[in-house]
Amino acid sequence: MRSLPEADPGVPDIRSPLRYLWWNARSQAPALLMGIGYATVWWLVQALVPAVLGKGVDAVTAKDTRALITWSAILFALGLVQAATGILRHRMAVFNWLSAAYRTVQVTTRQAARLGATLPKRLSTGEVVSVGNSDIAHIGSSMDVLLRGTGSVVAIIVVTVILISTSLPLGLMVLFGVPLMAVAIAPLLKPLHKRQKEQRDLTGDLSTRSADIVAGLRVLRGIGGEQVFADRYREESQRVRFAGVGVSRVESMLEGAQILLPGVLIAVVTGIGASFAIGGEITAGQLVAFYGYAVFLIGPMRTLTEVADKLTKGHVAARRVVRILTIEPEVSGGAGASEGGVLRDSYSGVTVQPGMLTAVAASAPEDAIAIADRLGRYADGDVTFGPVDLATLPIDEVRSRILVADNAARLFTGALRDELDVRGGSSDEQLRQALRNACAEDIVEALPDGLDAEVAEAGREFSGGQQQRLRLARALLADPEVLILVEPTSAVDAHTEARVAERLAKARAGRTTLVCTTSPLVLDRTEHVIYVEDGRVLAEGTHRDLLDSTPEYAATVTRGED
């Protein structure tokens with residue numbers, strides 16, 4: 001099997017589902033044309049079989065042994081060609097299916113990486129997951145069916161020509177009968193399209209619901225909410241089931257029409273052909289050929305109906321893919337450069353001095369998160385990095401130099417070592433030091449395989465506090481030029497929090513670090529504290545100075561306690 005081609009570089013600028021399907025077909029045009037060629041020959045060989053069979057019957061009727069042997073040899077040769085082209089057609093069909101499906105995976109993955117934090121804000125998890133679960137299969141099938149669909153059209157034309165040249169009335173009957181059958185099936189396609197779209201939307205919502213339940217299962221068990229969410233999931237799954245039944249109802253009518261309509265045509269053609277044979281207008285062999293053609297036409301007709309069905313499903317799937325591809329990132333970069341220095345958010349007034357451990361304590365947690373997003377270029381803002389605007393730097397450079405680590409970050413499935421050392425360049429000693437700085441050594445020691453232990457999906461085998469410490473270790477191991485931590489100790493006990501604060505200060509000594517927190521244990525270890533109220537800086541200083549001089553700060557960090 002030849003290797004699959006690489007997708008076109010970048011993300012295609014496509015605004016409609018039909019254009020996406022056309023782009024996919026154009027991207028694999030050589031393989032698609034080759035498959036269409038094999039499929040066309042495969043269908044044509046089958047279309048010639050009834051004619052050759054009829055000639056053989058006429059040879060038997062005429063007792064012409066030589067002609068019988070000749071037509072038998074031709075029939076055998078057609079069988080060999082049909083077998084060979086059938087194998088090659090199927091091979092190319094699978095290749096085109098895989099090419100279209102996984103090209104879709106490639107472009108959506110690239111778009112997801114390009115969008116970054118924008119994607120989860122615009123689309124639900126289930127919507128994105130459904131692209132990989134079902135949409136790629138429908139898009140692949142829409143490319144696959146083009147092979148047999150094109151060949152079936154050619155076969156129908158060839159059969160019609162043969163029939164007209166043999167008997168004008170029968171040929172015209174087939175010529176007009178085939179389009180009439182296609183027109184009769186057409187009214188079923190619009191409701192099918194509509195119901196498939198509804199089912200696809202409900203399936204995406206159900207995937208989102210299941211992802212949320214799995215992610216919050218530990219919390220649900222703690223508060224006794226499992227049954228409530230189980231009932232909601234059951235209710236939504238029933239809606240998906242009913243939608244699936246609605247789709248199947250239309251599909252069953254489509255399948256029935258594929259059998260009934262060609263069957264009617266076969267019966268009419270065979271009956272009229274038999275009367276012609278009795279009247280001597282056609283030979284017995286030609287009657288056999290007409291019957292064979294009437295039966296043969298069931299295959300191309302079913303294929304044409306299948307083309308309509310799969311292209312409809314592919315159109316629905318492509319609409320979802322295009323929806324992802326048309327999303328634009330909330331922020332973009334430029335082509336500038338910066339040597340670094342002071343990181344300043346003009347809107348809030350927060351200024352992070354290079355080489356210092358700074359803290360932002362906000363009266364409203366969302367204000368601190370907004371500041372972190374602007375400083376990390378996850379949201380637009382008037383931010384300077386040294387003497388230049390942060391917005392003028394390339395996004396890749398911003399991401400490599402400024403790391404924002406918050407509690408929304410996830411641990412992915414795989415070896416723990418790989419999840420912590422995402423760049424793959426750290427030694428065991430560096431890993432151990434990062435774990436120690438994050439007070440996470442005990443987590444690794446408790447695992448049977450240590451750093452080689454496999455992490456389950458989203459790290460669900462770890463508690464909230466353990467996940468938080470492992471995420472902190474991962475951030476410290478990355479050792480960025482600027483590290484921004486958002487509530488890095490909110491899920492750990494006070495004793496662990498004090499140790500984390502002390503070790504964090506030592507680990508990031510001389511490195512630019514900003515911690516967004518209201519924990520007194522962490523704030524007391526920082527060199528400089530900035531208090532933010534209503535999104536703006538209200539006071540600055542050390543933790544102890546602010547406790548004495550700023551009542552609002554004292555109330556925020558002590559939670560109103562003395």
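In which helix is Gly299 found? Gly299 sits in helix 11, which covers residues 298-325. The close-up views below start there and then visit other parts of this predicted model.

**Figure 1. Gly299 in helix 11.** This first view settles on Gly299, a residue of helix 11. Is Gly299 buried, partly exposed or exposed? Gly299 counts as partly exposed, because its relative accessibility is 26%. Asp231 lies 68 residues away from Gly299 along the chain, and the C-alpha atoms of these two residues are 46 Å apart.

**Figure 2. How far to trust the picture: confidence along the chain.** The average pLDDT of the chain is 85, and 92% of the residues reach at least 70. Residues 1-9 have a pLDDT below 50, and in the model this stretch makes 26 contacts beyond near neighbours in sequence. Where pLDDT is low, it is best not to read the predicted coordinates in detail.

**Figure 3. Helix 2 packed with helix 10.** Here helix 2 (residues 29-62) meets helix 10 (residues 284-296), with 7 Å between their axes and an angle of about 155°. The angle is over 145 degrees, so helix 2 is roughly antiparallel to helix 10. Their crossing is right-handed. On the helix 2 side, the residues making the contact include Trp43, Leu48, Pro50 and Val57. Helix 10 contributes residues including Gly285, Val288, Tyr293 and Phe296.

**Figure 4. Asn96 within helix 3.** Asn96 belongs to helix 3, which runs over residues 65-115. Asn96 is buried, because its relative accessible area is 0%. Which residues is Asn96 in contact with, leaving aside its neighbours within four places in sequence? They are Gln28, Ala31, Leu32, Met143 and Leu147.

**Figure 5. Helix 15 crossing helix 17.** Helix 15 (residues 428-437) and helix 17 have axes that come within 8 Å and cross at roughly 130°. That angle makes helix 15 oblique to helix 17. The crossing is right-handed. From helix 15, look for Gln430, Leu431, Ala434, Leu435 and Asn437. They meet Leu470, Ala473, Leu476 and Leu477 of helix 17.

**Figure 6. Asp479 and Glu487, each with a positive phi.** Most residues other than glycine have a negative phi. Asp479 has a positive phi, near 50°. This residue is in the loop between helix 17 (464-478) and strand 9 (482-486). Glu487 also has a positive phi, of about 45°, although it is not a glycine. The loop that holds Glu487 lies between strand 9 and helix 18 (494-507). Asp479 counts as partly exposed because its relative accessibility is 41%. Glu487 counts as partly exposed too, at 25% relative accessibility.

**Figure 7. Thr489 in the loop between strand 9 and helix 18.** The final view turns to Thr489, which is placed in the loop between strand 9 and helix 18. Is Thr489 buried or exposed? Thr489 is buried, because its relative accessible area is 4%. The side chains of Thr489 and Glu497 are joined by a polar contact of 2.8 Å. Apart from neighbours within four places in sequence, Thr489 is in contact with Gln468, Glu497, Val500 and Val522.

Conventions:
Residues numbered from 1 in each chain as written. Predicted model: local features only at pLDDT ≥ 70, side-chain atom pairs only at ≥ 80, totals over all residues. Heavy atoms only, no water. pLDDT = per-residue confidence, 0-100. Contact = heavy atoms within 4.5 Å. Helix = DSSP H or I, 4+ residues; strand = E, 2+ residues; numbered from the N terminus. Buried < 20%, exposed > 50% of the residue type's maximum accessible area, 1.4 Å probe, protein only. Polar contact = N/O pair within 3.5 Å; in protein donor to acceptor, adjacent residues only side chain to side chain. Axes fitted to C-alpha atoms, helices over the stretch in contact; angles between N-to-C directions. Parallel < 35°, antiparallel > 145°, perpendicular 65-115°, else oblique. Left-handed = near helix turned anticlockwise from the far one by under 90°.
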